[in-house]
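Open the model in your viewer and keep the selection tool at hand. Each stop below tells you what to pick and what you will find there.

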Amino acid sequence: MTKDDVRELFPHIKKGKIYFNHAAIGPLSKTVTDVITGYAIERSDGKIKNYDDYLTIESETKIMLAEILGCESRNLAWTDNVSNAMNMLAQGLNLKKDDEIIVTDIEFPSNVYPFLNLQKNGVKVKFARSDHGKISPESILSLVTDSTRLISVSYVQFTSGWRSDIKKLGDFCRERGIVFSVDGIQGAGALYPDLNNCNVDFFAGGTQKWIMALQGLSYFYISDKLINKLDQKYVGWLSFESAWELLNYDTKLKGNASRFQNGTQNAIATYALHASLKTFTGYGIENVEKNVLENTKYFIRELLKKGIKPLLAETPVENLSGIVTFPFPEPELNLQKLAEKNIHGELRNGVFRFAPHFYNTREEIDTVVEALEKLIR
Ligand SMILES: Cc1ncc(COP(=O)(O)O)c(C=O)c1O
């Protein structure tokens, strides 16, 4: 599968749209919209009861998701959003008075509130200080004490695009017996987190942004070690081995991460995800990451040439991602003017946030940079 093959799948490109807003929500490819339509028709006047097909699709989807995350499918569970994944973690650790959690001061709220909610039990939440969108491992590790039980950071920060060294943090946490959790939504689908090799205990993400499927279906990775340690506060019929012996109320939990999928899941979003992931696995996640980082480096270089200074201008590639942010004059008005030219970015936390994906081209970046230059002049 080539980049041109992938571009053929996206109708918005044919309409001349330059869509650099994957950090907010990804476009649906024609493959995905066809599958969604097919599913709806099947449930309307086709088979109607298509649960067995769903089970096959669900299991294939987990295998493909595991491939782009670098983990085993048995360690993946579906959920509805990142917030609920983080709540499950926060509540399941049974933290006590004076136990400590470390997050950073620029986390998306989904990775903060579930932990602040534990303050009523006397748990302390500490905020590692960012520096202009950057988070050094030292800023996090310097807060660690003997009472630290959990560190939870974003793989990629939503306001700056800073990519954390999750291997370094994971290795440290594993050595100290601290649970290490990652909000992965702004990285997965653009970058390869290689979860099997970085001692992450928990990694939650959605499917609607860089993975370009539907809202309402998210997932989390949970390590074998944490599966057995986490106290499962909510259970349902599908949590148990005896799930389909409906009146056998035996309480032996399933051995893998699917024990956290308590009941019926979001089937149509799973079909959509299945279709979208085929593009990622067909193109290869390493190639996706390579294109994303090449686009970002090129974008930063071209912006600098025009006197526009991205937040991560002098950042090594290890800390870059698909997100490029920079301050811009009259941002609301100018974002609107760009949209009128069919160029789509975002305004976050007072700065412009542009997030091209692997299928976007240098030519599109040139067009965006030229338009930005004209707006400043
Ligand atoms: C870093 C980050 N985490 C989480 C989310 C979404 O959280 P939730 O799935 O809880 O709505 C977003 C954006 O919507 C985000 O940028």
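Select Asn295, Tyr298, Phe299, Glu302 and Leu303 in H11, then add Arg362, Ile365, Asp366 and Val369 in H13: these two groups meet. Contact here is a C-beta criterion: the C-beta atoms, placed from the backbone, lie within 7 Å. The model is predicted, so local features need pLDDT of at least 70 and side-chain atom pairs count only at pLDDT 80 or more, while totals for chains, interfaces and linings use all residues. Residues are numbered from 1 along each chain as its sequence is written.

Now show both elements whole. Helix H11 covers residues 285-305 and helix H13 covers residues 362-376; their axes come within 10 Å and cross at roughly 30°. That makes H11 roughly parallel to H13. Angles under 35 degrees count as roughly parallel, over 145 as roughly antiparallel, 65 to 115 as roughly perpendicular and the rest as oblique. Axes are lines fitted to C-alpha atoms, for helices over the stretch in contact, and angles run from 0 to 180 degrees between N-to-C directions. Helices (H or I, at least four residues) and strands (E, at least two) are DSSP runs, numbered from the N terminus.

H11 passes H13 in a right-handed crossing. The crossing is called right-handed if the near helix is turned clockwise from the far one by less than a right angle, and left-handed if anticlockwise. Colour the contact by class: five residues are nonpolar, one is polar and three are charged. Ala, Val, Leu, Ile, Met, Phe, Trp, Tyr, Cys and Pro count as nonpolar, Asp, Glu, Lys and Arg as charged, and the others, Gly among them, as polar.

**Next: helix H10**

Select residues 267-283 for H10 and residues 51-69 for H4. Their axes come within 9 Å and cross at roughly 40°. That makes H4 oblique to H10. The crossing of H4 past H10 is left-handed. Contact residues of H4 include Tyr54, Ile57 and Met64; those of H10 include Tyr271, Leu277 and Phe280. By class, this contact has ten nonpolar, four polar and three charged residues.

Keep H10 and add H3, residues 30-45. Here the angle is about 150° and the axes are 8 Å apart. That makes H3 roughly antiparallel to H10. H3 passes H10 in a right-handed crossing. Pick Thr31, Val32, Val35, Ile36 and Tyr39 of H3; facing residues of H10 include Ile268, Tyr271 and Lys278. Eight residues of this contact are nonpolar, three are polar and one is charged.

**Next: the seven-strand sheet**

In what order do the seven strands of the open sheet run? Follow E2-E8-E7-E6-E5-E3-E4; the pairing is mixed. Two strands pair if DSSP finds at least two bridges between them. E2 (76-79) and E4 (124-128) stand at the edges with a single partner strand each, so one side of each has no neighbour in the sheet. Neighbouring strands are turned by 20° against each other on average, direction ignored.

Zoom in on E3 (residues 100-104): E3 and E4 pair in the parallel sense over five bridges. Ile101 stands opposite Val125 in E4. Then select helix H5, residues 82-92. H5 lies across E2, E6, E7 and E8, at about 160° to E7.

**Next: the ligand**

Show the residues around the ligand, among them Asn81, Phe108, Asp183 and Gly206. Each has its C-beta atom, placed from the backbone, within 6 Å of the ligand. The shell holds four nonpolar, seven polar and one charged residues.

**Last: the three-strand sheet**

Select E9, E12 and E11: this open sheet has the order E9-E12-E11 with antiparallel pairing. E9 (324-326) and E11 (346-348) are the edge strands, each with a single partner, so one side of each is left without a neighbour in the sheet. Neighbouring strands are turned by 35° against each other on average, direction ignored. E11 and E12 (residues 351-354) pair over three antiparallel bridges. Finish on Arg348, whose bridge partner in E12 is Val351.
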